[in-house]
Each structure stands twice: as structure tokens, then as C-alpha cells.
Amino acid sequence: MALSPYVQAMQELFRANTRSREFPAHGAKVHSVAWSCCGRRLASGSFDKTASVFLLEKDRLVKENNYRGHGDSVDQLCWHPSNPDLFVTASGDKTIRIWDVRTTKCIATVNTKGENINICWSPDGQTIAVGNKDDVVTFIDAKTHRSKAEEQFKFEVNEISWNNDNNMFFLTNGNGCINILSYPELKPIQSINAHPSNCICIKFDPMGKYFATGSADALVSLWDVDELVCVRCFSRLDWPVRTLSFSHDGKMLASASEDHFIDIAEVETGEKLWEVQCESPTFTVAWHPKRPLLAFACDDKDGKYDSSREAAGQGTRGCNTSPPLGMEESLVSIGRGKDVGPLLTCLAMPSPLSQLHVCCSQKHL
């Protein structure tokens, strides 16, 4: 079967122009990366209890600030959907914190009932949803910083997300299902049997046409938003799919796992556009909101962080088939030997293509 002109053109673009650069980031494993809505900044959250923010200048990242205050690992973060100055972090210290990059300060700390592992901001910017290890999802008013609602679920809750229209709330769960609630009523609408094993992650296409889920069965499934039916599957990964992201134009889907590559697929056909090679497992990816630029974070081979907490938490949550963290991973070396730690890496596709790497070096922090 002949490749489409788009696939051929993209493959040639990747093949001809990719190059790489590296920058220091955190003192321990990077759990989450996210771009601001304008794409000017990239934030990362780490096991070292901090978040970092970088400015994107042409084809390089410049570290702007490090954000301290959490008493435990920063497991996930996200930016305000329309205000490029605000982002929020979820931590195992039973709090979330809202940060303003203009003042570099925490403008609100909200106490929650459990160790937080996932967080998302509603498309209208009015609500923050945070999920904890006890499968409780709390909905927090983004202006008053008070809880608006709280839901206890009887199944393992993995990733959470609103749809683009802000009228439905989606959860992936440990039974392989996608649970859909009305919003703001939070009434059950539908439970979709999406995968035969744990459904781990979910992302919505910025165009509003599709959403994708990743599972412990190593499959990525693509769903029609309006019909709620699966339109195709992507099966090139061999390990549980941990993270997904759509490109800004909705044409590409990045998916990653413990496989030492990130799969980049054309959404409409499922055809492989490229493999981004990694030398360790990847647990978070994020396409730039305006450019074909992908940020992703890789694991640490040498175990510079304490993985005992993660063994019962987010690091293995959603799958019982992955190897113990720190056992089978390898580490990209950039010439600093034992000082090199976990990686935060970016694949850039301006013209020409480039790769931006942000690595963790404890010596340089």
C-alpha cells in the first residue's frame, strides 16, 4: 500500500533535518511536562518536589525559574487554558499549588484529602480537577480556590480530562473503561469498555474531532468525540502506553511507554510518521500548542530518586506488567558521567528540524 503524500513528506522532513541539543532541568525524575497556551513557556514537574519553567527562544530552552514549596513529589502539572502566566501543580503532599510566572510566586495553596497524582484545568478556565491515590476527584473553583464538588469512585481512576466543549468529564479506569460524566452535574452518562486491560491515559484532539486512550495492553485507541466509537488502533508499542499528545493541528499523535522510542503517527490513517529514539522509558509527552514541537521526559537508569513511593503510586499505577523502576532503563549520557540524571527532552520541528534536550544534573542545580 502506497504511503500518502503527507506521510511521505513528513517522513522525509524528519529524516533530513533532525538535530539535538540538551539543557539542565531537575535533580530527580521528571513526571510531567506541559506547554503554556501561547507556547512561549514549557513547565516540568519532578520527583525532586519542584517545578521548573523554561522560555522557548527559537530552537533552544532558557531556564526561567524553579518553583519550590511542595513537600513531596510534583506528580503532574498543567497550565491555565487561556492565561499564559498561570499553572497548577499536583503533589503527593496533599496540596495543589497555583503559580504565577510574573511574580514567580505561589498565589494559592489548596489542601486536599489525599496524595494527588493527576490534575487538569477545565477549558473555560473556571475549574481545576485533581485526583488522588484514593480515587477521589475534587473540583476546585479556580478563582476562590475552594472545593466545588468531590466524587469518590469505586474503581481505580487513572487520568482525568474535560472534553473540549467543557460539558463532559472523562476518566480512564483500572477496568479498561472510559467513564463519562455530565458537567457540571457530574451524572454518569456512559461507561465504554475501551480496552481489555487497564486504561491509563486520555487526550483530546485540539480540533475537537477525536480523543485517544492508551492502555496496559500496549494499544492506543482513537475515538470519535461525537459518536463515542473507536475508529482505529495504533499498535506499534510493546509496553503499556503511559502518555499521549496530539499535535497543534490534530494531524499527529505521539504515544510513549517503556519502549525506547516515541511513536509518532498520522491520526487519520494510523500510519507511522517517525520514531523518536530514547535510551530510557518515557512517561510524559506534550506537543507545542502552535508548532510541531514535542516535549517529553525520560526515566533514570541509575536510580537517583527514591522509587519506593512510586512503586505503589503513579510510577506503576495502571499496570502490573511493567518492570521495577530503575531496573531495566538506560540513560542518555551527555558527557557528565555519574552527574547526569533523568531526562526532559524535546523534539522540535521548525525548519530545519531540531531536538532540544533538557536533562537533570544534580551537580548543576
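## Exercises on a four-stranded sheet

Phenylalanine 204 stands opposite phenylalanine 211 in β19. The exercises below work outward from this pair in a predicted model.

**Exercise 1.** Find how many bridges join β18 to strand β19, and how the two run.

*Solution.* Start with the strands. β18 spans 199–204, and β19 covers residues 210–215. Next, count the links: five bridges join β18 to β19. Last, take the direction: the two strands run antiparallel.

**Exercise 2.** Place these strands in their sheet, and explain why one side of β18 and of β21 has no neighbour.

*Solution.* First, write the order: β18-β19-β20-β21. The sheet is open, has four strands and pairs them antiparallel. Now look at the edges. β18 and β21 (230–234) stand there, each with a single partner strand, so one side of each is left without a neighbour in the sheet. Finally, add the twist: from one strand to the next, it averages 20°.

**Exercise 3.** State which residues the UniProt annotation "repeat: WD" covers, then describe the span 192–226.

*Solution.* The unreviewed UniProt entry places "repeat: WD" on residues 67–109 and 192–226. Take residues 192–226. This span is 54% strand and 0% helix. Its end C-alpha atoms lie 14 Å apart.

**Exercise 4.** Decide where pLDDT stays under 50.

*Solution.* Begin with the chain. Its mean pLDDT is 83, and 80% of its residues reach 70 or more. Then find the weak stretches. pLDDT stays under 50 over residues 303–345, where the model has 138 contacts beyond four places in sequence. It also stays under 50 over residues 347–355, with 40 such contacts. Where pLDDT is low, predicted coordinates should not be read in detail.

Definitions and conventions: Residues are numbered from 1 along each chain as its sequence is written. This is a predicted model: local features need pLDDT of at least 70, side-chain atom pairs count only at pLDDT 80 or more; totals for chains, interfaces and linings use all residues. Side-chain values use heavy atoms; hydrogens and water are left out. pLDDT is the predictor's confidence in each residue, from 0 to 100. Contact means heavy atoms within 4.5 Å. Two strands pair if DSSP finds at least two bridges between them. Axes are lines fitted to C-alpha atoms, for helices over the stretch in contact, and angles run from 0 to 180 degrees between N-to-C directions. UniProt positions are given in the numbering used here, feature names are shortened, and annotations may be inferred rather than shown by experiment.
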